[in-house]
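Thanks for coming. I'll talk through one structure, starting with its internal spaces and then moving on to a few helices and loops.

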Amino acid sequence: MTEIEIDGAPADPARLAALGLLNYGHFTTLRVEAGGVRGLALHLDRLVRDCRALFAAELDRAVVRERIRAVLPADGSPVIVRVTGYDPALGLERPAAPATPALLVTTRPAATAEPAPLRVRTVAYRRELPEVKHVGLFGLVHHRRTAQLAGYDDVLLIDEDGLVTEGATWNVAFLAGDRLVRPTGPSLPGVTEALLAGAYDGPQSREPVRAADLARFDAAFALNAGVGPRPLAAVDGTAFDPAHPLLAELRAAYLGIAADPV
């Protein structure tokens, strides 16, 4: 069952409509299992940081946790919780007015099966304010839709110089031997990316990654809080081994990270 609440009460259609009309806000998405979240503090830090960036307002971490707890299923089954900060009273004509952000909290069932590898294509695109996880998803959804109509699963973003930055709604990483490589460039600081980097005890680096040179890597994978590490089977015409043994080790390392109680 899907839950939708605003500031702890059932969502009022008028207040909910404001988000679609203005499309100005920020969010984080968490996977909650048995009342716990991997990297909960990082998700809360993101919400606080982005609320300051968009609204110059402070967000109470304790209130966020209370709102999340209120929508969790009693049986502890895994769910995806999205917490969105936006101001229902903010108008299109004067978005610089003082803001009082509300918290929209939604849930949906979480997938339990290991995700299938992705086939993606590159697209030249840069999100506005890439360091903020904001609700301006039109460009990403459009490129994802176009890619799927062409037979791909998703898109990998590259900049004007052909350098890889991030996926549509995920971070990306590569394996060169046992070295974990994450691209430089403007992208969202990912919670799952940070957790995996901390859990992996092998060599790792951040470096420019050219889309034209992806064949130098042995494997590639997407990183997202909803499913964790997910192999990439191919990027454009470059194939990767989705069954690379180190990918299984990385996924096990991620799944072994202790969850923090909400």
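How do the residues of the lining of the largest cavity divide into nonpolar, polar and charged, and how many are there of each? There are six nonpolar, two polar and two charged residues in that lining. Before I go further, please keep in mind that this is a predicted model.

Let me stay with that cavity. The structure holds one cavity of 30 Å³ or more, and the space in the largest cavity comes to about 70 Å³. Its lining consists of Leu30, Arg31, Val37, Arg38, His43, Val191, Thr192, Leu195, Ala225 and Tyr254. Two elements, strand S3 (26–32) and helix H5 (191–199), each supply at least two of those residues. H5 gives the most, with three residues.

Next, the pockets. The largest pocket contains about 730 Å³ of space. It is lined by 38 residues, and the closest to its centre are Lys133, Thr169, Trp170, Asn224 and Ala225. Ala225 also appears in the lining of the largest cavity. Many elements contribute to this pocket: S3, H2, strand S5 (79–86), strand S6 (102–109), H4, strand S9 (164–167), H5 and strand S13 (219–224) each supply at least two lining residues. By class, the lining has 17 nonpolar, ten polar and eleven charged residues.

The second largest pocket holds about 160 Å³. Fourteen residues line it, and Glu114, Pro231, Leu247, Ala248 and Arg251 lie nearest its centre. S14 and helix H6 (245–255) each supply at least two residues of this lining, and H6 has the largest share, with five. Its classes are ten nonpolar, one polar and three charged.

Now the helices, beginning with H4. This helix runs over residues 138–149, twelve in number, and reaches 16 Å from its first C-alpha to its last, close to the 16 Å expected at 1.5 Å a residue. Which residues of H4 are buried? They are Gly139, Leu140, His143 and Ala147. These four sit on the same side of H4, because they cover an arc of only 100° around the axis. The general background is that an α-helix has 3.6 residues a turn, so residues three or four places apart point the same way. On the face of H4 turned away from the buried side are the exposed residues Phe138, Val141, Arg145 and Leu149. Note that Phe138, Val141 and Leu149 are among the exposed residues there, although Phe, Val and Leu count as nonpolar. The buried residues pack against strand S7 (118–124) and strand S8 (154–158). Just after the helix, Gly151 takes a positive phi of about 100°.

H3 can be read in a similar way. Its buried residues include Val64, Arg67, Ile68 and Val71. Seen down the axis of H3, the buried residues fall within an arc of 100°, so they line one face of the helix. Their cover includes strand S1 (4–6), S3, H2, S5 and S6. One of the buried residues is Arg67, so a charged residue does occur on that face.

That brings me to backbone angles. Most residues other than glycine have a negative phi. Where in this model is Ala56, which has a positive phi near 55°? Ala56 is in the loop between helix H2 (40–55) and helix H3 (61–71). Ala56 is exposed, with a relative accessible area of 73%. Asp236 also has a positive phi near 55°, and its place is the loop between strand S14 (228–235) and strand S15 (238–239). Asp236 is partly exposed, at a relative accessible area of 32%.

One last loop residue. Is Leu214, in the loop between strand S12 (204–207) and S13, buried or exposed? Leu214 counts as buried because its relative accessibility is 1%, and the cut-off for buried is under 20%. Leaving out residues up to four places away in sequence, Leu214 touches Val164, Phe174, Val209, Val235, Thr238 and Phe240. Of these, Phe174 is 40 residues from Leu214 along the chain, yet their C-alpha atoms are separated by 8.8 Å.

That is what I have; we can go back to any of these sites on the screen.

Technical notes
Residues numbered from 1 in each chain as written. Predicted model: local features only at pLDDT ≥ 70, side-chain atom pairs only at ≥ 80, totals over all residues. Heavy atoms only, no water. 1 Å grid on protein atoms, 1.4 Å probe; cavity = no way out; pocket = protein on both sides within 12 Å on 5 of 7 lines; lining within 4 Å. Points joined across faces, edges and corners; volume = space filled by probe spheres on them. Expected span 1.5 Å × (residues − 1). Buried < 20%, exposed > 50% of the residue type's maximum accessible area, 1.4 Å probe, protein only. Arc of directions from axis to C-beta. Contact = heavy atoms within 4.5 Å.
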